Amino acid sequence: MPPAVSLIQANSYDLTSLRASLETLLSPFGGMVSFVKPGDRVLLKPNLLTGARPTKECVTRPELVYCVAKMVQEAGGKPFLGDGPAFGSALGVAKANGYLPLINELNLPIVEFHGKRYETVSEKFNHLLLSKEAMDADLVINLPKVKSHVQLTMTMGVKNLFGCVPGKMKAWWHMEAGKDANRFGEMLVETARAINPDLTILDGIIGHEGNGPSGGEPRFLGILAASQDVFALDRSILSILNVDPSLVPTVAASQRQGLCPELAAIDFPHLRPADIQISDWKLPDALVPIDFGLPRVIQSTFKHLYIRFIKEPMGADSR
């Protein structure tokens, strides 16, 4: 069967409205109960990029995570929240972005990722260090934010799964694979294939355009997207935003590997990309190199350790 991408218009993060939107979004797949079975341990993987710009829509909205977690619980699953921020901890970034009141209401655990090496399909990347917590989960629900990106043009579902690489290892991958955008895109695709999310729900009600993933500005889009095929979802979002797939290394790599279907081969049970297309989405002013030299890797590693073990604990009393 052709991959399906569910696209709907959604205008609000109000919990009641958002819950109704998510039920409509997932209805073509049979709802959350078609994914989650009683007792399943379900990783919710949002984009927890940074705690530094909490008003700039750099991370997946906590309201979306809350509604998805509640739907998982109602289906009998046991959701937990995890990510591997480049700087700091998942808990610290979640706290800075207003997650704690909602996740505390649901008693939703936040886990820190720990790396383990796993076999991959591609021999070139058979040394991927991935999150044991993600690989051991019964289900993975990928919850990306749609954003422009100064290194990769766009970040969506595939790039969000790079968060399943433990924090400080990201900088080393930028050094190891970043001199070649094609190779870096292939590494991200192999990461996505290894994690193999069961469902991706993209937060596109308010996106982040311009010099993202954190240096841009919020942009209201009014869309939610969902698919079991993360590559088809990313390709569909580019069509909505009128972005050339060849400019996005993750999508270009998935096309070269035959993983990304053509738009004509995708089933759209609700709206089609042409129905909600926009023509003025802002990409980065200029792209910056993907690769990190050794001094930058060392600097990045020390920054991560400083935020996680010194700066964040200093503010622990305000949690």
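**Exercise 1.** Locate P213 and state the geometry of the peptide bond from G212 to P213.

*Solution.* P213 lies in the loop between strand 10 (199-209) and strand 11 (217-227); strands are DSSP runs of E with at least two residues, helices runs of H or I with at least four, both numbered from the N terminus. The bond from G212 to P213 is cis, with omega near 20°.

The model is predicted: local features need pLDDT of at least 70, side-chain atom pairs count only at pLDDT 80 or more, and totals for chains, interfaces and linings use all residues. Residues are numbered from 1 along each chain as its sequence is written, and side-chain values use heavy atoms, without hydrogens and water.

**Exercise 2.** Place N107 and decide whether N107 is buried or exposed.

*Solution.* N107 sits in the loop between helix 4 (100-105) and strand 4 (110-112). Its phi is positive, about 55°, although N107 is not a glycine. The relative accessibility of N107 is 65%, so N107 counts as exposed (buried is under 20% relative accessible area, exposed over 50%, partly exposed in between, with a 1.4 Å probe and protein chains only).

**Exercise 3.** Do the same for T153.

*Solution.* T153 belongs to strand 9 (residues 153-155). Phi of T153 is near 70°, again positive in a residue other than glycine. At 5% relative accessibility, T153 is therefore classed as buried.

**Exercise 4.** Classify the packing of helix 8 and helix 10.

*Solution.* Helix 8 (residues 181-195) and helix 10 (residues 249-256) pack at about 75°, with axes 8 Å apart. Axes are lines fitted to C-alpha atoms over the stretch in contact, and angles run from 0 to 180 degrees between N-to-C directions. The two helices are therefore roughly perpendicular (65 to 115 degrees; under 35 is roughly parallel, over 145 roughly antiparallel, the rest oblique).
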